[in-house]
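Trainee: I have just opened a new entry and would like to go through it with you. May I ask short questions as we go?
Mentor: Certainly; please begin whenever the view is ready.
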Amino acid sequence: MADSVDQREFRTVLGSFPTGVVIVTASTEAGPQGMTIGAFTSVSLEPPLVAFLPAKSSQTWPRIRDAGKFSVNILGKEQQELCRAFARPSSEKYDGVAWGESAHGTPHLDGALAWLDCDLDAVFEAGDHDIALGRVIALHRGSDDDPLVFFRGKFHTIDGE
């Protein structure tokens with residue numbers, strides 16, 4: 001980070017921008033993997049592309065990257081504990097978690113608002129994170145619940161009306 005920008009202030013200011021919360025999942029030789037992501041966005045309609053930004057320091061990201069395909073599970077307001085569980089480094093993230101495998105061979109977490117199955121299209125380096133670009137090959141809308149939102153360091157919900 002540039003010397004003129006304080007890292008703590010940078011984080012505080014960017015925390016003023018609310019973000020949705022997703023869990024990116026993949027099936028790997030080591031079993032199902034998953035990680036909580038707050039930096040996720042749609043990129044293109046044609047072709048259908050999405051992106052997420054995993055930290056380079058993540059232990060889970062290299063396994064998902066090497067799998068070459070992943071699912072994005074968009075979380076609902078009742079999934080705060082699931083979000084926390086997948087945010088921690090642990091080999092037991094799936095313990096007690098209800099999930100199924102998609103036709104694409106990637107984990108879908110029960111109760112998610114929606115799922116997007118993707119092939120990893122490209123990875124770009126961006127400071128202490130990577131930008132992972134996924135080509136959407138299938139998608140499904142699940143629950144009609146309100147989304148889980150992260151804002152100013154805390155979970156929030158929004159009125160879906």
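Trainee: How much of the protein chain is buried residues?
Mentor: Buried residues make up 36% of the 161 residues in the protein chain. Please keep in mind that this is a predicted model.

Trainee: And how many helices and strands are there?
Mentor: The protein chain has 3 helices and 12 strands. Its radius of gyration is 15 Å, close to the 15 Å that the globule rule gives for 161 residues, so the chain is as compact as a globular protein of that length.

Trainee: What does the C-alpha trace span along its principal axes?
Mentor: The span is about 50 × 35 × 35 Å.

Trainee: What about the accessible surface? How much of it belongs to carbon and sulfur atoms?
Mentor: The accessible surface comes to about 9,500 Å², and 51% of that belongs to carbon and sulfur atoms.

Trainee: Turning to the inside, which residues have the most contacts in the largest nonpolar core?
Mentor: They are Val-24, Phe-52, Ile-64 and Phe-70, in a core of 15 residues. Two or more residues come from each of β2 (22–28), β3 (31–37), β5, α2 (61–67), β6 (69–74), β9 (114–126) and β10 (129–141). The element that gives the most is β2, with 3 residues.

Trainee: Is there a general reason for such grouping, or what is the usual tendency?
Mentor: In soluble globular proteins, nonpolar side chains tend to be buried together.

Trainee: Let us take Ile-64. What does Ile-64 touch?
Mentor: Leaving aside residues up to four places away in sequence, Ile-64 touches Val-24, Ala-26, Gln-33, Gly-34, Met-35, Lys-69 and Phe-70. Apart from this core lies another, of 11 residues, which includes Leu-75, Cys-83, Tyr-94 and Val-97.

Trainee: Now a polar residue. Where is Asn-73 found?
Mentor: Asn-73 is found in strand β6.

Trainee: Buried or exposed? I mean Asn-73.
Mentor: Asn-73 is buried, as its relative accessible area is 0%.

Trainee: Which side chains does the Asn-73 side chain make polar contacts with?
Mentor: One polar contact, of 3.2 Å, is with the side chain of Thr-25. Another, of 3.0 Å, joins the side chains of Asn-73 and Trp-115. Beyond four places in sequence, the residues that Asn-73 touches include Val-21, Ile-23, Pro-107, His-108 and Leu-109.

Trainee: I would like to look at strand pairing. How many bridges join β4 to β5?
Mentor: Strand β4 (residues 40–44) is joined to strand β5 (residues 49–52) by 4 bridges, and the two run antiparallel. Within this pair, Phe-40 has Phe-52 of β5 as its bridge partner. Phe-52 is also among the residues with the most contacts inside the largest nonpolar core.

Trainee: What connects β4 to β5?
Mentor: A hairpin joins them through 4 residues. Pro-47 lies in that loop, and the peptide bond from Glu-46 to Pro-47 is cis, with omega near 0°.

Trainee: What is the usual form of a peptide bond?
Mentor: Most peptide bonds are trans, and most residues other than glycine have a negative phi. The second point has an exception here as well: phi of Arg-152 is near 50°, a positive value in a residue other than glycine.

Trainee: Where is Arg-152?
Mentor: Arg-152 is in the loop between β11 and β12. This residue is exposed, with a relative accessible area of 59%.

Trainee: How do β11 and β12 pair?
Mentor: Strand β11 (residues 148–151) pairs with β12 in the antiparallel sense over 4 bridges. Phe-151 stands opposite Lys-154 in β12.

Trainee: Which sheet do they belong to?
Mentor: They are part of an open sheet of 3 strands, in the order β1-β11-β12, with antiparallel pairing. The edges are β1 (19–20) and β12 (154–157); each has a single partner strand, so one side of each is left without a neighbour in the sheet.

Trainee: One last residue: where does Ile-137 lie?
Mentor: Ile-137 lies in strand β10 and is partly exposed, with a relative accessible area of 44%. Not counting residues up to four places away in sequence, Ile-137 touches His-104, Asp-117, Cys-118 and Asp-119.

Key: Residues are numbered from 1 along each chain as its sequence is written. This is a predicted model: local features need pLDDT of at least 70, side-chain atom pairs count only at pLDDT 80 or more; totals for chains, interfaces and linings use all residues. Side-chain values use heavy atoms; hydrogens and water are left out. Two strands pair if DSSP finds at least two bridges between them. A nonpolar core is a set of buried Ala, Val, Leu, Ile, Met, Phe, Trp, Tyr and Cys residues joined through side-chain atoms within 4.5 Å. Buried means under 20% relative accessible area, exposed over 50%, partly exposed in between (1.4 Å probe, protein chains only). Contact means heavy atoms within 4.5 Å. The radius of gyration is taken over C-alpha atoms; the globule rule is 2.2 Å times the number of residues to the power 0.38. Accessible areas come from the Shrake-Rupley method with a 1.4 Å probe; for residues, only the protein chains shown count as cover. A polar contact is a pair of N or O atoms within 3.5 Å; within protein, one must be able to donate a hydrogen and the other to accept it, and residues adjacent in sequence count only if both atoms are side-chain atoms.
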